[in-house]
Amino acid sequence: IQDLSKKVFSILILAVLLLPAAPCRAGQSDSIARASIHGVLSLDSRSTIIEGKHITINGILGGIAFGRGQHKLTLGYYWLSYGAKQRLIDLHKSHAHRINLEYYTRTDVGFASLAYWFPLYRNPRWTVYIPVETGLGSESANYRRISDDAQLGSGHFYFVPYQLGAYGEFKATPWVGFGLQIGYRNAARQTVFREHFEGPYYSYGLTFYPDRIYSD
């Protein structure tokens, strides 16, 4: 995973460096491209693999798309799913047993993320964006004794997440498209969660166009 993370991050950095030379194409028949500005709202669950365990970070984002190329600015909020919390608890417990600690850490994490989506390529069928994100997050850590699960203490930490990715969408019909996003994320400031936050992520899903559905 670490080798893959470095390769993905290197590729994405190269893509961003080449952005000024990249053409932005807008399909003439694309009703979305003709709109000067419109709102964006999305459920955004992102998945990753941490030490062999599948972790899901749930999220919701909203914002605006503007200009001929449909640049986007979005603000999202993300939090650990219940399954992700349980997997991280199990991970902390196994680490505690392995190095003979008397306690493990229960972690609860949430963060806001501001994103700019650069439209790398657009036509009536295909859309490719390069999303660049940064934000602010908080982590609540409860330290629990291994033997009887009693709480020994707690802490609250702040961190600065940053993410870089690529998003592609195929518009199967005028009303719905299929999207895939991959990327790499990390966080500034050392916290309990930071070592688990670093790495690649991916998501996929359907995009609906209610304005086109309504007009048709």
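1. Let's start with the salt bridges. This is a predicted model, and the structure holds 2 of them. Asp 44, Arg 46 and Glu 133 are linked in a network of salt bridges, so have a look at those three residues together. Side chains of opposite charge can pair when their charged atoms come close.

2. How close do the N and O atoms get? Between Asp 44 and Arg 46, the closest N and O atoms are 2.9 Å apart. For the side chains of Glu 133 and Arg 46, the N to O figure is 3.0 Å. Glu 133 sits in strand 6 (residues 126-145) and Arg 46 in strand 2 (residues 46-50), so this pair ties together parts of the protein that are 87 residues apart in sequence.

3. Are these charged residues buried or exposed? Asp 44 has 7% relative accessibility, so it counts as buried, the cut-off for that being under 20%. Arg 46 is buried too, with a relative accessible area of 2%. Glu 133 comes out at 5% relative accessibility and also counts as buried.

4. Now zoom out to the whole fold. There are 5 helices and 9 strands in the protein. If you walk along the sequence, you'll meet them in the pattern α-α-β-β-β-β-α-β-β-β-β-α-β-α. Of the 216 residues in the protein, 38% are buried.

5. Gln 70 deserves a second look. You'll find it in the loop between strand 3 (53-66) and strand 4 (71-80). Its phi is near 60°, which is a positive value in a residue other than glycine. Why point that out? Because most residues other than glycine have a negative phi. Gln 70 is also buried, with 0% relative accessibility.

6. Move on into strand 4 and you reach Lys 72. Here is another charged residue that is buried, this time with a relative accessible area of 14%. Which residue, 44 residues away along the chain, has its C-alpha atom 5.8 Å from that of Lys 72? Tyr 116 is the one to click on.

7. Next, the largest pocket. About 960 Å³ of space lies in it, and 39 residues line it. To find the middle on your screen, pick Leu 41, Ser 42, Tyr 167, Glu 169 and Thr 207, which lie nearest the centre of the pocket.

8. What is the lining of that pocket made of? By class, it has 17 nonpolar, 14 polar and 8 charged residues. Strand 9 (residues 199-208) gives the largest share of the lining, with 7 residues.

9. Finally, check the surface. A nonpolar patch of about 880 Å² is made there by Trp 175, Phe 178, Leu 180, Ile 182, Tyr 204, Leu 206, Phe 208 and Ile 213. Strand 8 (176-188) and strand 9 are the elements that give two or more residues to this patch.

10. Take Leu 180 as an example from the patch. Leu 180 is placed in strand 8. Its relative accessible area is 43%, so Leu 180 is partly exposed. A residue needs over 30% relative accessible area to join a patch, so Leu 180, at 43%, clears that cut-off.

Notes. Residues are numbered from 1 along each chain as its sequence is written. This is a predicted model: local features need pLDDT of at least 70, side-chain atom pairs count only at pLDDT 80 or more; totals for chains, interfaces and linings use all residues. Side-chain values use heavy atoms; hydrogens and water are left out. On a 1 Å grid over the protein atoms alone, a cavity is a set of points where a 1.4 Å probe fits but cannot get out, and a pocket is an open set with protein on both sides within 12 Å along at least five of seven lines; lining residues have an atom within 4 Å of a point. Grid points are joined across faces, edges and corners, and a volume is the space filled by probe spheres set on the points. Helices (H or I, at least four residues) and strands (E, at least two) are DSSP runs, numbered from the N terminus. Patches are made of residues with over 30% relative accessible area and no salt bridge: like charges are joined within 9 Å, nonpolar side chains (Val, Leu, Ile, Met, Phe, Trp, Tyr) within 5 Å. Accessible areas come from the Shrake-Rupley method with a 1.4 Å probe; for residues, only the protein chains shown count as cover. A salt bridge is a side-chain nitrogen of Lys or Arg within 4 Å of a carboxyl oxygen of Asp or Glu. Buried means under 20% relative accessible area, exposed over 50%, partly exposed in between (1.4 Å probe, protein chains only).
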